[in-house]
Amino acid sequence: MSSSSVIVVGAGVFGSSAALELRKRGHEVVLLDPGPIPHILASSTDISKVLRMDYGADQFYMELMEAAFERWDAWNGSWGVPLIHRTGMLMLAAGPMVPGGFEHDSLKLLQKRGHRPEHFSAELLTERFPAWNVQEYPEGYLNPLDGWAESGEVVARLISQGKTLGVEVRGGVAFASTLDEGARVVGVRTTEGVELKADYVIVAAGSWTPGLLPHLEQFMWAVGQPVFHFRVDDVEAYQPPNFVTWAADISNSGWYGFPALDDGTFKIANHGRGKRQPADAPRTVEADAEGKFRAFFRSALPGLADAPMISNRLCMYCDTWDGDFWIDHDPDRPGLVIATGGSGHGFKFAPMLGPIIADVVEGKSNRFAHRFRWRVRGELKTEYARYS
Ligand SMILES: Cc1cc2nc3c(=O)[nH]c(=O)nc-3n(C[C@H](O)[C@H](O)[C@H](O)COP(=O)(O)OP(=O)(O)OC[C@H]3O[C@@H](n4cnc5c(N)ncnc54)[C@H](O)[C@@H]3O)c2cc1C
């Protein structure tokens, strides 16, 4: 495809990675965001996100993450400071690991694909990861390849790299509507009434997307999920090798979290049904949320039962109806491309998102793009839950 002009709406991880990749391919790219960039309320702007290849029996996402890790390592090497930390991830089960269970199926698929997860009995868990109550989680495995990313820092880095290569980043500019000529989208109108034209408009506004483009509301919606930061005193006890990125019976309970930072910050989150609300509604966690987090500590991580809370946050997912991302041309509005639907698990694929989105814009084949194509809402064969 010859060089085109592209407006990218939204500077989260979907938008910033798309802008960078399209610019690398020679396109003229303008990246818009209400800012300040990275936006404090963006899902991508956080201290950490899990990087894991464990997706139960779903080989597609494992393969996508295998490819992503190769690029993460290259990015990390080029940044001078490491922004991803491959601490390993402990996947704990609430009972014996059995076929059909998330931990069992993830472990088997990892082994089948030649990876070397370490399987843990209750006895071995107590020895190696003593903070955990093995009465609650008697079996699990460690995937040494997994870890976490300093997600807000990563997005800032992608934007700065984009700027260096010539992406025109416009903070303080918000998309209001598409600019149309017949069915074709030929640009955007901003909330200030300014009209900007381009060959392609990519809307990558995360949980704001269905509010900005209401015809998408049938496919995706914004859902708030609670995230808490607590303070730990004995930092070493909650850092590698004693304590690593973790998920505890994630497919049933939704609990997952991270090792403590050097300043004692301990981040934990729960992937549950969430609170369906518009992205711009007040972001308050439910009144009983702290109690639920403390109850989890009492049973699973008793040493943290009284850890002081530092802060909490309602972070917005852009959930699609089936939990797969949404990266495609709008079939009814040529010129418009949608790149969103992170559904609570999109960040880890950051290095793959730009190339997938750019291939879709350019009409090139991409071995991963089919899963994220435009699709009508249908029957779900399995309950959707992809767990951060
Ligand atoms: C609690 C929580 C935990 C998560 N944990 C993980 C995890 O551990 N691992 C993982 O892989 N993923 C995780 N995710 C998912 C991941 O964070 C998201 O999939 C990803 O960050 C979404 O990126 P995005 O670019 O689509 O959206 P965002 O990061 O939200 O960016 C959207 C951007 O659009 C901009 N915007 C809004 N309105 C406008 C407008 N009118 N005009 C222009 N721009 C606009 C916003 O300012 C924002 O910068 C988690 C998500 C949440 C909420």
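The sulfur of C318 lies 12 Å from the closest cysteine sulfur, that of C315, and is therefore too far away for a bond. A disulfide is taken here as a pair of cysteine sulfur atoms within 2.5 Å, and a search of the whole structure finds 0 of them. In general terms, a disulfide is a covalent bond between the sulfur atoms of two cysteines. Both cysteines were also assessed for burial, where buried means under 20% relative accessible area, exposed over 50% and partly exposed in between (1.4 Å probe, protein chains only). C315 is buried, with a relative accessible area of 6%, and C318 is buried as well, at 5%.

The model is predicted, so that local features need pLDDT of at least 70 and side-chain atom pairs count only at pLDDT 80 or more, whereas totals for chains, interfaces and linings use all residues. Residues are numbered from 1 along each chain as its sequence is written, and side-chain values use heavy atoms, with hydrogens and water left out.

Secondary structure was assigned from DSSP runs numbered from the N terminus, with helices (H or I) of at least four residues and strands (E) of at least two. Strands are said to pair if DSSP finds at least two bridges between them. Strand β14, residues 220–231, is mostly covered, with 11 of its 12 residues buried. Three pairings of β14 are described here. With strand β19 (residues 309–320), β14 runs antiparallel and is joined by 11 bridges; within this pairing, V223 stands opposite Y317 of β19. With strand β18 (residues 275–276), the pairing is also antiparallel and extends over 2 bridges, and the bridge partner of V223 in β18 is R276. With strand β17 (residues 265–270), 5 bridges are formed, again in the antiparallel sense, and F230 of the pairing stands opposite F266 in β17. In a regular strand the side chains alternate between the two faces of the sheet.

Strands β14, β17 and β19 are also among the elements that contribute to a pocket. On a 1 Å grid over the protein atoms alone, a pocket is an open set of points with protein on both sides within 12 Å along at least five of seven lines, and lining residues have an atom within 4 Å of a point. Grid points are joined across faces, edges and corners, and a volume is the space filled by probe spheres set on the points. The second largest pocket holds about 770 Å³ of space. Its lining consists of 50 residues, of which A42, S43, S44, G206 and S207 are the closest to the centre. Two or more lining residues are given by each of α1 (13–24), β2 (28–33), β3 (49–51), β14, β17, β19 and β21 (336–340). The greatest contribution is that of β19, with 4 residues. By residue type, the lining divides into 27 nonpolar, 17 polar and 6 charged residues, where Ala, Val, Leu, Ile, Met, Phe, Trp, Tyr, Cys and Pro count as nonpolar, Asp, Glu, Lys and Arg as charged, and the others, Gly among them, as polar.

Two helices were compared with their expected span, which is 1.5 Å times one less than the number of residues. The end C-alpha atoms of α1 are 16 Å apart, in agreement with the 16 Å expected for its 12 residues. Because 10 of these 12 residues are buried, α1 is largely enclosed by the rest of the structure. G26 follows α1 and has a positive phi, near 95°. Helix α9 (residues 350–362) comprises 13 residues and reaches 19 Å from its first C-alpha to its last, close to the expected 18 Å. All of α9 is covered in this sense, as 13 of its 13 residues are buried. Just after α9, G363 takes a positive phi of about 75°.

Several loops show backbone features of note. Most residues other than glycine have a negative phi, and most peptide bonds are trans. The peptide bond from I37 to P38 is cis, with omega near -10°, and P38 is found in the loop between β2 and β3. A cis bond also links P240 to P241, with omega near 5°; P241 is placed in the loop between β14 and β15 (245–248). D249, although not a glycine, has a positive phi of about 50°. This residue, D249, is located in the loop between β15 and α7 (250–253) and counts as buried at 13% relative accessibility. S343 likewise has a positive phi of about 50° without being a glycine. The loop between β21 and α9 contains S343, which counts as buried at 0% relative accessibility.

Methods:
1 Å grid on protein atoms, 1.4 Å probe; cavity = no way out; pocket = protein on both sides within 12 Å on 5 of 7 lines; lining within 4 Å.
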